[in-house]
Amino acid sequence: MSVLETPRILFRGEISWDPVTTNNYSTNYDEDDCTTIFASYARVAKFRRSAINQVNTDGNWNPHGTHRSKFFDTYISGVDTGAGVVTSDTFCGAPVDFSGMLVDCEPYGSTSSQLFFDAMSFGIPGGCRIFGRRVQRFHDRYINFSRNPANNMIAGVASVMWQNCFPKDAGLVIDAHDSLALQALGRAIRDTDVLGVTVRWNSYRTVYFDDPTLSNGSQSTQLRSAELVAKLIGGGWQPNPARSLLVGVVGLWRRGEPIFEAGDRALLATGIAIPGQSTPRQGGPAVASAHARLSSNAITLDLSNCIPEVDRVPNKIDLQTLSVVAVDPNDKQKVLANLASLNFSQYDRAAYESGSGIVTLPVNPADVTIAATANLQLRGSDGMLYLDEAPIRAIPSQPNIYLDQGENVQSEVRVYDRGQPAAAGIEVTITPVGASSPVANCLSTDANGVVNFSLSGSTASVTVYALLPQSHMPLPVVQLDTQVMTFMTVRVLPANTSISELPPTWQNVHQNVLSNWEAMAPCMDNWLKLDDEAQVARFAPMIRKLTDRNNFESYRYMPVVRDMTLGQRTLLMNYLEIVNPTLLTSVTGDASPSDQGDVPDFAKLSRAMRGNP
């Protein structure tokens with residue numbers, strides 16, 4: 001299925017991360033009420049200074065961030081049309097462009113990151129290229145906290161899987177020219193079973209303060225923090241983005257496949273310690289979950305998030321020969337077929353970067369037949385069980401959901417049986433993670449392998465739900481295991497009815513709406529002074545467009561963090577209509593770019609900080 005069949009396009013490079021990190025702390029921000037916490041003796045100016053001080057004291061590494069994330073030095077690294085990775089195709093070397101806004105649905109948490117964007121481009125206009133317009137945002141999946149323990153700086157130990165799909169009936173462009181790989185992709189996409197293309201990438205080896213040698217609490221880290229504080233106090237805009245390596249793949253999106261995470265056969269991490277290493281519980285490396293697809297004579301493994309690194313370079317750890325076996329579902333010690341083996345040269349750093357972590361191995365066709373109804377396992381040469389298949393997986397159609405208080409929604413969950421849509425009658429339990437009592441709801445799949453859970457936004461809150469198919473796991477689920485469980489996050493924004501009923505004066509709007517983001521995101525000063533009544537009035541049409549709820553998925557939507565409540569929006573819109581009664585309905589609507597890609601135009605708005613345009 002999907003990117004694990006051919007043709008596929010491979011890419012690699014780097015991505016920058018520039019989030020505001022001040023709202024990650026409960027002392028600064030209330031994620032339930034969606035409000036900045038101002039000390040009684042001060043508001044914006046002293047809040048900003050307090051955030052700067054937290055760089056040294058609380059690890060607030062980027063108080064001047066923009067939330068922007070962007071690919072750089074990223075390019076098409078190879079193609080595979082069925083005969084292995086080729087680097088001579090004319091598409092190879094072409095640039096890959098992506099610009100998004102990194103936002104956590106749960107600001108305090110680490111498992112609900114999203115990338116809001118408008119378009120993604122592989123290649124350049126007029127040449128070989130793939131261009132896709134955004135339908136929905138990216139969501140982080142299968143975050144792997146045991147990927148690279150040697151890179152122990154903030155989230156540097158972790159890696160993340162990102163996936164999204166671009167429908168062929170929503171502006172997908174494939175300009176093949178003389179690229180044999182793109183020609184093959186163009187032919188394959190005509191199949192009525194193919195809905196478009198899937199893009200999946202893995203980000204890893206994250207570096208902070210532009211220094212790959214740093215570790216948590218080290219003297220060097222303290223020095224870099226002090227240097228940043230000095231720059232911040234010195235004035236001006238001082239962003240401090242992190243950056244990660246990435247490998248990725250573009251392949252087919254077939255009917256029935258999930259959009260935001262792999263729907264192939266799931267080989268889940270057992271959490272077993274790697275021989276000679278400290279245990280994962282002690283911060284040692286562990287083999288993380290992977291996905292597999294069987295064809296008539298081969299098995300393709302996505303190991304992009306799987307094999308840990310042994311150092312900061314980052315070189316892969318040598319697990320020697322690994323074997324994929326098919327076992328009896330009722331007796332996991334009983335091997336029914338030895339499917340394939342791979343040695344270190346097939347999953348080391350060079351192989352990983354060349355194939356984006358995807359490995360295809362030949363399999364005897366008779367063994368493929370056996371494996372179709374067996375469970376897959378990945379084992380070490382000493383018999384160590386690293387990965388064990390969970391044949392039934394429940395995958396949310398929307399991993400991160402925002403609701404206004406009082407709003408209800410049906411949340412669709414699709415169930416897969418060994419990588420295929422499941423049959424009717426499979427029970428799925430949904431339960432909040434960390435609940436003190438075993439609160440749960442259980443429904444059975446329909447004929448399409450789908451269940452729909454009713455979610456109510458009765459109370460302002462952020463809740464992470466675990467999805468447990470045919471589960472005998474004891475309830476409650478105390479802690480989320482991102483390598484084993486599928487899950488979704490639901491954020492209910494407070495109604496703030498009392499705010500919506502306030503007179504739409506400048507004082508009320510600034511104090512109850514704009515000052516939240518003025519304090520939390522000093523970068524806004526570069527585009528619009530949120531404490532300047534004249535500027536806000538002058539740019540009322542643009543502000544209304546950027547804050548329109550209809551543009552929630554857009555790269556340009558404001559506030560970037562998507563936490564404006566219904567009451568706040570009502571008060572703001574009432575004020576904007578009063579100060580600029582010529583507002584037209586034409587300023588609302590999709591704030592997406594043209595089909596030439598993401599070309600943000602803030603010319604008018606950026607002039608606001610300089611006075612009259």
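How many residues lie between β17 and β18 in the hairpin that they form? In the predicted model examined here, the hairpin of β17 and β18 has 2 residues between its strands. Strand β17 covers residues 322–328 and runs antiparallel to β18, to which it is joined by 7 bridges. Within this ladder, A326 of β17 has A337 of β18 as its bridge partner, and L322 is partnered in β18 by L342.

The hairpin belongs to an open sheet of 8 strands, arranged in the order β18-β17-β20-β21-β14-β15-β16-β19 and paired in antiparallel fashion. Its edges are formed by β18 (331–342) and β19 (358–362), each of which pairs on one side only. From one strand to the next, the twist of the sheet averages 25°. Strands of a sheet pair through backbone hydrogen bonds, and the pairing may be parallel or antiparallel. Ahead of the hairpin, the loop between β16 (298–302) and β17 contains P314. The peptide bond that joins V313 to P314 is cis, with an omega of about 15°.

The chain as a whole contains 11 helices and 30 strands. Its radius of gyration is 25 Å, close to the 25 Å given by the globule rule for 613 residues, and the chain is therefore as compact as a globular protein of that length. The C-alpha trace spans about 75 × 60 × 55 Å along the principal axes of the chain.

Two helix packings involve α10 (residues 566–579), one with α9 and one with α7. Helix α9 (residues 540–547) packs on α10 at an angle of about 155°, and the two axes lie 10 Å apart. Because of this angle, α9 is roughly antiparallel to α10. The crossing of α9 past α10 is left-handed. On the α9 side the contact is made by A540, I543, R544 and T547, which meet R569, L572, M573, L576, E577 and V579 of α10. By class, the residues of this contact comprise 6 nonpolar, 1 polar and 3 charged. The loop between α9 and α10 holds P559, and the peptide bond leading from M558 to P559 is cis, with omega near -5°.

Helix α7 (residues 506–520) packs against α10 at an angle of about 130°, with the axes again 10 Å apart. The angle means that α7 is oblique to α10. Here, too, the helices pass in a left-handed crossing. Residues W506, N508, V509, N512, V513, L514, N516 and W517 of α7 form the contact with Q568, L571, L572 and Y575 of α10. This contact has 8 nonpolar and 4 polar residues, and no charged ones. Residue L572 of α10 thus takes part in the contact with α9 and in that with α7.

A further backbone feature concerns R205, a residue located in strand β12 (residues 194–207). Its phi is near 50°, a positive value in a residue other than glycine.

Terms used:
Residues numbered from 1 in each chain as written. Predicted model: local features only at pLDDT ≥ 70, side-chain atom pairs only at ≥ 80, totals over all residues. Heavy atoms only, no water. Axes fitted to C-alpha atoms, helices over the stretch in contact; angles between N-to-C directions. Helix = DSSP H or I, 4+ residues; strand = E, 2+ residues; numbered from the N terminus. Parallel < 35°, antiparallel > 145°, perpendicular 65-115°, else oblique. Left-handed = near helix turned anticlockwise from the far one by under 90°. Contact = heavy atoms within 4.5 Å. Nonpolar A, V, L, I, M, F, W, Y, C, P; charged D, E, K, R; others polar. Pairing = 2+ DSSP bridges. Rg over C-alpha atoms; globule rule 2.2 N^0.38 Å.
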